[in-house]
Each structure stands twice: as C-alpha cells, then as structure tokens.
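Colleague: Could you take one part of this model and walk me through it slowly? I am new to this, so plain words would help.

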Amino acid sequence: MKTARGIDARESPDGGSSCDVQRIREDFPILKQLIHGKPLVYLDNAATTQKPRQVIESIVSFYSEECSNVHRGVHLLSERATRGFEATRSSVRRFIHARDDREIVFVRGATEAINLVACSYGRAHVRAGDEVLVTAMEHHSNIVPWQMLCAEKGAKLRVAPMNSKGELLLEEYERLLGPRTCLVAVTHVSNALGTVNPLHEIVEMAHRNGAVVLVDGAQAVQHMRVDVQALDCDFYVFSGHKIYGPTGIGVLYGRERLLESMPPYQGGGDMIASVTFEKTVYNKLPYKFEAGTPDIAGVIGLGAAIDYLQSVGIEKITSHEQDLLHYGTSILEGMPEIRILGTAAAKTSVLSFTVQGIHPHDVGTILDQEGIAIRTGHHCAQPVMDFFGVPATARASLALYNTRDELDALAAALRKVIEVFS
Ligand code: 7TS
C-alpha cells in the first residue's frame, strides 16, 4: 500500500534530462480548468502555487488511512502518523541541508516563523538602543514583526537601500551594520521584484559585526537549491504553499545553539517535558516550539511536495524558470507601453510591471477575462511601491509548470488591454 507520504520513483514526472513540462502539467489537476471559457494560464505563483496530485493524494490518504494525532498514541495509527510527520522533518532537513532534525520547526508559514523569531529570540536578546536591520525590498511579514519588537524594546529599525534596478546596495548595507546591530532580517528573493540577494556577503558582513541573520526564503526554495550551512545563516523560513504544498504549514530553520537559547513561543501540549502548578520543564528541540496539535496533514503534504520538487530536480526547475523569465522579459521589453519594475542582474521568476496610463487592477481584470491569473496590487511590499513611485504593479510570477506558450498568451492579452484603453 502506498503511504500518505510522497511518491515512488516510478512516478517521477521527469525521467529525462530536461524539464518535461507537458508531463509535469498532467500532475496538476487544476491546470485543466477553463476560466471564462479559456484555458487557465496561472501566473500567480508567488502568491501560491498549484498542487500536484501527489500532494493532494498524500493528504487524502492521510485522512482516509492514517488519521491520528502525533507524539502521543501507542496505537498503530498514531505511530504511523508520527512516522510520516517526522519523516517530513528529515526531508525538510535534507532539502535545505540543515545539520539536524532538531533545527527544523513546523509552523503555519513564513509569517509565523518570522513572528516566532521576533517574539522569542527578539524579546530575549534585543535591548533598548539596539538595531534591527532590514532591506528596502522586504515583504510586510519581514518588516512589521520587527517594527513591533523595536517599539516594545525601544530598539531602532534600520533599512538598507536598493538601487533603481531593485538591487541591494551592499556598501550601504555594510555601512549600516555596527555594534548596535542585533539582527539582520533579509529576504532571499524579493516577491515584488524577483531580485536574488547576495546572501553569502550579507551573512558574512553581519556576522563580522556580531549580528545574527534571519533569511526569508518564502520566494526562494521553490526556485533554487538552498543550503543553510553553506549560507551560514542563523534562521531560514519558508511556506509550504509556495512550494507546491498545502496552505497552513511552513518551516523555521534555526541554528541549534540559538534555538536552545530561546524561550518558547507558545505554551501548551507537546512543548513540555513535565508540568506541575509550580514549575514546567520544557520539551527538547524542536518540540519546545511546537505547542498544540500541529497541522499533521499539512506536514504530510509538505513532505509530498518536497518529494515532488526533488523528483523533478531543483536544478532543472531553476533552468526552466530562468528560460521563462528571459523569454517573458524580452516580450515585455518589446512593448513600449510597459515598464518592468525589478531588473536586477540576479533575478528569478517574477515579472512585475505597469502599463502606461492603465491601472494595474484594470490590467488584471482584463487578463482574467482571458483566463490569465496574475496578481495586481502592492504585493504586501508597500515600501517597494513607494520607492518606485507607483501605487501598485501587475505581477506575473512563474512556476515549474508554466510554458513559453503561456507567456505568448500573456503578451497577446496585454496587447488587447493596451488596445482597449487606447
Ligand atoms: N515573505 C515573502 C518574501 C513573501 O513573498 C511572502 C508571501 C511572505 C513572506 C509571507 O508568506 P505567508 O505564506 O506566511 O503568507 N508573499 C505573497 C505574495 O507575493 N503574494 O501573496 C503572498
């Protein structure tokens, strides 16, 4: 019997040397849909990715065959559920090359992981007069928790600037680091611009100044190989739903020494070793940070998603998406009414743009009529919009199942948009 976790090797969506997109697309039931009578062209992958049947089936299988709580039953179903749950922890550890399963904490998503670090590490270590350094291209999730922490502690939030291409100004960043910098919180990839940040330099400079580094990997792990040991970052966070897994589940990686030094984030079941009314002894890592019944099916689904990504091959995904990014960029560059925001030399999978004289919401609405799903708005990165002097952009974001044909469809629909408004 197939277990709830993952897919077996024979189901690998790509046995060949290149990314077999047509075969991959077969794995995603939702892609067969018609939207307003047109084939769905799903280009809103930075918001959330679609799920392959292997992930969907793993969740159905968990609820149909293994449903039970974890870490508490002696009965067979609970043992099975616990095995599947902990097997995913090991998968995540291998996926991002952490040293130990104890360094992998399951949370709701990138947002909760950042809040966990701000509330636990931040409250314990950040003092009045200290500084937390973020960059100008952060998602609100990597700004607001630090603002809240700084307000509580009397610390200062500082912001490393970027240039007009959307590239971090490394010298400015280095200048902002100092003895007061307690923590650097930086995105690996910008969700609004696609910029890939030079993490090796960022981390090395921060460490030289005695600061710890949290990396927001919500837009990175699905596009490129990530090795937290090679990056030498202290915390790394990501969400399951952006890597073809379910919503409601995500990961906090933390360096063991730091996690050990941190107080629990929430109290409750599972995070304790013993409780009396006088004293509670906390559980060991990572359970100290996993109070209450977790999203077990979500973890199982995340495991299946990681298996899926690996069966395709991360390097193949990177090169396929880079091809699409260059193709899409050249199409948009060929349209004089379009301005691309985010033209960093190191970039991945995001085409953020405005169309002259047309509000991005109107662009999005007309594209929707053509069956094309993009996101329009500020992308939870209002400071990025302010920097570029726009209220919003239209954003097409790419995934492993997208094709050049879909980008041609985007181009044709954009020509229609321009025609309608001319
Ligand atoms: N960090 C980055 C860089 C993100 O892009 C997002 C979500 C988050 C954190 C938060 O992730 P969550 O899963 O906890 O919500 N970004 C987007 C987006 O670009 N469009 O919709 C959500």
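**The largest cavity and the ligand**

Modeller: Happily! The largest cavity is lined by N45, A46, Q219, Q222, H223, S349, V350, S397 and L398. Please keep in mind that this is a predicted model. Sorted by class, that lining holds 3 nonpolar and 6 polar residues, with no charged residues. Its volume is about 30 Å³, and the count of cavities of 30 Å³ or more comes to 1. How can anyone find such a space? Rolling a probe the size of a water molecule over the atoms shows where empty space is left.

Where does the largest cavity lie with respect to domain 1 and domain 2? Both domain 1 (21-51 + 313-421) and domain 2 (56-310) give residues to the lining, so the cavity lies between them.

Now let us turn to the ligand, with Q219 as our bridge. Q219 is one of the residues lining the largest cavity, and an N or O atom in the Q219 side chain is 2.7 Å from an oxygen atom of the ligand. Taken alone, the ligand exposes 490 Å², and the protein buries 87% of that. As for its location, the ligand sits in the largest pocket.

Two further contacts are worth finding on your screen. In R375, an N or O atom of the side chain is 2.5 Å from a nitrogen atom of the ligand. In H139, a polar side-chain atom lies 3.3 Å from a nitrogen atom of the ligand.

Which residues around the ligand are the closest? They are T111, D216, S239, R375 and R395, and 16 residues surround the ligand in total. By class, this shell has 4 nonpolar, 8 polar and 4 charged residues. You can compare that with the cavity lining, which has no charged residues.

The two domains come up here as well: the shell around the ligand draws at least three residues from each of domain 1 (21-51 + 313-421) and domain 2 (56-310). To look for yourself, start at Q219, which lines the largest cavity and has a side-chain N or O atom 2.7 Å from a ligand oxygen atom.

Note on methods. Residues numbered from 1 in each chain as written. Predicted model: local features only at pLDDT ≥ 70, side-chain atom pairs only at ≥ 80, totals over all residues. Heavy atoms only, no water. Near = heavy atom within 4 Å. Polar contact = N/O pair within 3.5 Å; in protein donor to acceptor, adjacent residues only side chain to side chain. Areas by Shrake-Rupley, 256 points an atom, 1.4 Å probe, with all protein chains shown as cover. 1 Å grid on protein atoms, 1.4 Å probe; cavity = no way out; pocket = protein on both sides within 12 Å on 5 of 7 lines; lining within 4 Å. Sits in = over half its atoms within 2 Å of the grid points. Nonpolar A, V, L, I, M, F, W, Y, C, P; charged D, E, K, R; others polar. Domains from an automatic or database assignment. Points joined across faces, edges and corners; volume = space filled by probe spheres on them.
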